[in-house]
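Let's take a walk through this structure together. Have the sequence and the 3D view side by side, and we'll go from the outside to the inside and back again.

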Amino acid sequence: MRYLTAGESHGPQLTTIIEGLPSLLLITAEKINHDLKRRQGGHGRGRRMQIETDTVEIVSGVRHGQTLGSPVALVVTNDDWKHWTKIMGAEPLAEDVNPEDIKRQISRPRPGHADLVGGMKYGHRDLRNVLERSSARETTVRVAVGSVAKALLNELGISIVAHVTEIVGIKADTSLIEGKTADEIRAIVEADPCYCVDPEASAKMVEAIDEAKKAGDSIGGVVEVIVEGMPAGIGSYVHYDRKLDAKLAAAMLSINAFKGVEFGLGFEMARRKGSEVHDEIVWSEEEGYTRATNRLGGLEGGMSTGMPIVVRGVMKPIPTLYKPLQSVDIETKEPFKASVERSDSCAVPAASVVAEHVIAWEIANVILEQFHSDQLPQLKAQIDEHRQYTKGF
Ligand code: EPS
């Protein structure tokens, strides 16, 4: 499978085309909209999210709720567009309009954003041409794509859930979800303002976000994605670009503002001996091969082990700050203090939703690479057969 997205943050719409989905998969706008709504939420979001009500329109590839096997095109309109038609219109400027009179041009790059280097790269002196696309607004349609991937995974008995494990040093007690299924975790997460499984930590996170907002600052954190019901042997050890952990890491780092990724024990592995890191192999009639622990996060040798995949990503604090940082005006080369009109003070909860969806896409994609997949019933039968085979191996 593959997909592309198009769209600017204040343009008319965000668009995506997904190619390679099997036929006969049930997809509804209602399900996708539920995930889009979760992405818009989470404590710490700014005023833009009050303007937008993200809803998807399925404009091709689906008939009467089922995929046809043809490309699936999804559209989410930007409600803010109506305020930006003169600034962001696609048509050439009328002859009597002086380009310098266009409002909201940007010559002052925000530190930590794509503004300055993106302007250099594409030759834009109005840095709005960069930020409109580098904006995390684009993650809207990536969630829509991932929501479709989740519908596919659900048919294959694979569930996926994300939660926030840390914000500005406040850590959730993740032992609270030991033994819980992905669905049970989801129910807790969806009821929490920070999408966190630990209510005590969540209350502190809310306070920290409110403080950051008051101070004109921003804060980051860590999100965790859990993939349950994974068949063993997905991915490969034979070549660098077929390793599942490498693909998942790339997906995580493709999210705006994500700077690091870890699996299972993650960086803690540097502090432990081998005997305290690797997971012992056990077998039972009922479950086949499992591991006594899951410290490697469900991956060995670039392949799924069949244990839950556990992957975490770290998000830096959003660089659009109310609190001014030092920068340089590219027209005058004069130093100035950058400041902005509106921003999220913390988008970690929202980003956990994005993480869930980009990981879902990657898992669905690697499964479709490995199994024949024109029609969903055929794919399901193959996965069932593969599960039986690995169990008795
Ligand atoms: C963003 C800046 C803000 C955020 C935006 C990401 O938008 P605006 O410039 O319109 O105030 O709200 O996030 C979204 C629009 C979204 O849908 O998540 C940025 O510069 O990355």
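F393 is a good place to start: its relative accessible area is 64%, and since anything over 50% counts as exposed, F393 is exposed. You'll find F393 in the segment that follows α11, the helix covering 376-392. Keep in mind that this is a predicted model. F393 also has company out there, as it makes up a nonpolar surface patch with I281, W283, Y289 and Y389. That patch covers about 620 Å².

Now zoom out to the whole chain. There are 11 helices and 17 strands in its secondary structure. Lined up along the principal axes, the C-alpha atoms fill a box of roughly 75 × 50 × 40 Å. How does the radius of gyration fit a compact globule? For 393 residues such a globule would come out near 21 Å, and the protein chain has 22 Å, so the two agree. The accessible surface of the chain is about 19600 Å², with 53% of that belonging to carbon and sulfur atoms.

Next, look inside. Of the 393 residues, 49% count as buried. The contacts tell you something about how the chain is put together: take those between residues at least 6 apart in sequence, and 69% of them join residues at least 24 apart.

The largest nonpolar core holds 85 residues. Which of them touch the most other members? Those are I309, I359, I363, I367 and L379. Among the helices and strands, look for α10, residues 348-370, which gives the most to this core with 14 residues. If you pick out I367 and leave aside residues up to four places away in sequence, you'll see it touching L153, L156, I158, I234, L379 and I383.

Finally, two spots where the backbone does something a bit unusual. Most residues other than glycine have a negative phi. R104 goes the other way, with a phi near 60°. R104 sits in the loop between α3 (85-88) and α4 (115-122). Is R104 buried, exposed or partly exposed? Its relative accessible area is 40%, so R104 is partly exposed.

The second spot is V168, another residue that isn't a glycine yet has a positive phi, here of about 40°. Look for V168 in the loop between β7 (159-167) and β8 (170-171). With a relative accessibility of 45%, V168 counts as partly exposed too.

Technical notes. Residues numbered from 1 in each chain as written. Predicted model: local features only at pLDDT ≥ 70, side-chain atom pairs only at ≥ 80, totals over all residues. Heavy atoms only, no water. Core = buried A, V, L, I, M, F, W, Y, C linked by side-chain atoms within 4.5 Å. Buried < 20%, exposed > 50% of the residue type's maximum accessible area, 1.4 Å probe, protein only. Helix = DSSP H or I, 4+ residues; strand = E, 2+ residues; numbered from the N terminus. Contact = heavy atoms within 4.5 Å. Patch = residues over 30% accessible without salt bridge, like charges linked within 9 Å, V, L, I, M, F, W, Y side chains within 5 Å. Areas by Shrake-Rupley, 256 points an atom, 1.4 Å probe, with all protein chains shown as cover. Salt bridge = Lys/Arg side-chain N within 4 Å of Asp/Glu carboxyl O. Rg over C-alpha atoms; globule rule 2.2 N^0.38 Å.
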